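User: I'd like to go through this one and ask how each label is earned. Can we start with how its parts sit against each other?

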2 protein chains.
Amino acid sequence: MTISEVSKKCNVSADTLRYYEKAGLISFINRTPGGVRNYTEQDCKQIEFIKCMRSAGLSIEVLRKYFELFKRGKRTLKTRRDLLAKERESLRARFIELQDTLKRLDYKISVYDKALKSKDKELKF
Amino acid sequence: MTISEVSKKCNVSADTLRYYEKAGLISFINRTPGGVRNYTEQDCKQIEFIKCMRSAGLSIEVLRKYFELFKRGKRTLKTRRDLLAKERESLRARFIELQDTLKRLDYKISVYDKALKSKDKELKF
DNA sequence: ATATCAGTTGGAGTTAACTCCAAGTCAAGC
DNA sequence: GCTTGACTTGGAGTTAACTCCAACTGATAT
């Protein structure tokens with residue numbers, strides 16, 4: 001697959017794909033004799049993984065470290081596991097926080113709805 | 001309250017408080033005759049609200065618009081309600097997404113745990 | 001009166017994560 | 001052989017949200 005095909009398929013811009021490669025999130029992408037990137041299905045799966053983790057808030061730096069450990073082979077299995085577990089914990093925290101904020105927003109909107117029914121009300125903020 | 005007191009109380013740096021003011025997220029902070037900001041309890045509540053919304057991912061720009069509508073008075077009640085409702089929807093979407101990512105991480109970590117038990121296993125990424 | 005300290009301002013600097021650009025290369029179609 | 005279009009690179013530019021800084025001021029303690 002060319003970079004533009006992967007870009008469409010994964011919904012990630014070609015620039016971002018090249019950026020991820022430079023940043024160490026993807027390595028060893030095959031090239032055609034002419035030097036053009038030739039992505040495999042496996043590469044796509046990895047890109048989807050990166051995309052998913054990025055959208056959840058994992059930083060480029062954390063992902064870079066993860067894939068760097070990968071390159072060092074099997075003996076880093078435990079370290080990688082622990083890295084993921086640590087990220088999971090902070091995601092969990094953000095999840096709870098988001099849940100609370102959603103509740104707060106729900107409440108605030110209900111207050112607005114009340115104010116809108118009974119004319120002449122205003123809120124503090 | 002002085003800016004440093006509010007900073008401690010709300011766990012927001014003084015620079016950030018001044019930045020929020022410049023950005024239009026807080027207005028009409030009282031000043032002492034000498035020109036020093038003097039925050040009220042009400043100001044703190046608003047700052048807590050901003051902090052909460054910011055940490056959930058609402059942009060400065062959205063909050064700026066919200067408080068700008070506020071300054072225009074009661075007739076913007078409906079607009080403000082709708083603005084909040086719209087933000088709520090995108091938070092909900094991010095919430096679901098985060099939930100899925102958490103599941104995916106849980107699964108991946110379980111795969112790691114299996115690989116760690118049975119020696120000699122390696123993953124694709 | 002002077003030193004200290006917390007506060008003030010406008011504006012510059014930082015960081016993460018892209019995003020864009022110019023100049024060049026390569027393969028395919030005419 | 002030439003044009004076209006997709007690809008390549010290194011590096012510059014952008015954006016959001018702070019964060020820091022220098023130069024100044026006003027209140028308080030000695």
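User: What makes domain 1 of chain A and domain 2 of chain A count as being in contact?

Analyst: Two residues are in contact if their C-beta atoms, placed from the backbone, lie within 7 Å. By that test, eight residues of domain 1 of chain A are in contact with seven residues of domain 2 of chain A. On the domain 1 side, helix H4 (residues 60-71) of chain A gives the most, with five residues. Helices here are DSSP runs of H or I with at least four residues, numbered from the N terminus. That side of domain 1 splits into six nonpolar, one polar and one charged residue. For the classes, Ala, Val, Leu, Ile, Met, Phe, Trp, Tyr, Cys and Pro are nonpolar, Asp, Glu, Lys and Arg are charged, and the others, Gly among them, are polar.

User: Where do the bounds of the domains of chain A come from?

Analyst: From an automatic or database domain assignment, which gives domain 1 (1-71) and domain 2 (74-125) for chain A. Their centres, taken over C-alpha atoms, are separated by 29 Å.

User: And what kind of model is this?

Analyst: A predicted one: local features need pLDDT of at least 70, side-chain atom pairs count only at pLDDT 80 or more, and totals for chains, interfaces and linings use all residues. Residues are numbered from 1 along each chain as its sequence is written, while chains are lettered from A and ligands numbered from 1 in the order in which they are written.

User: How do you know how chain A and chain B are related?

Analyst: Superpose them by least squares on the C-alpha atoms of residues with pLDDT of at least 70 in both. A rotation of 180° with 0.0 Å of shift along its axis puts chain A on chain B, at RMSD 0.0 Å. So the two copies are related as by a two-fold rotation axis. Phe95(A) is the residue of chain A that comes closest to the axis, at 3.5 Å (C-alpha).

User: What does each chain put into the contact?

Analyst: 35 residues from chain A and 35 residues from chain B. H5(A) gives the most to the chain A side, with 23 residues. By class, that side has 18 nonpolar, four polar and 13 charged residues.

User: Which residues are closest to DNA strand D, and what makes a residue "near"?

Analyst: A residue is near if its C-beta atom, placed from the backbone, lies within 6 Å of the strand. By that cut-off 18 residues surround DNA strand D, and the closest are Thr2(A), Ser4(A), Arg37(A), Gly34(B) and Ile60(B). H2(B) supplies the largest share of that surface, three residues.

Key
Helices (H or I, at least four residues) and strands (E, at least two) are DSSP runs, numbered from the N terminus.
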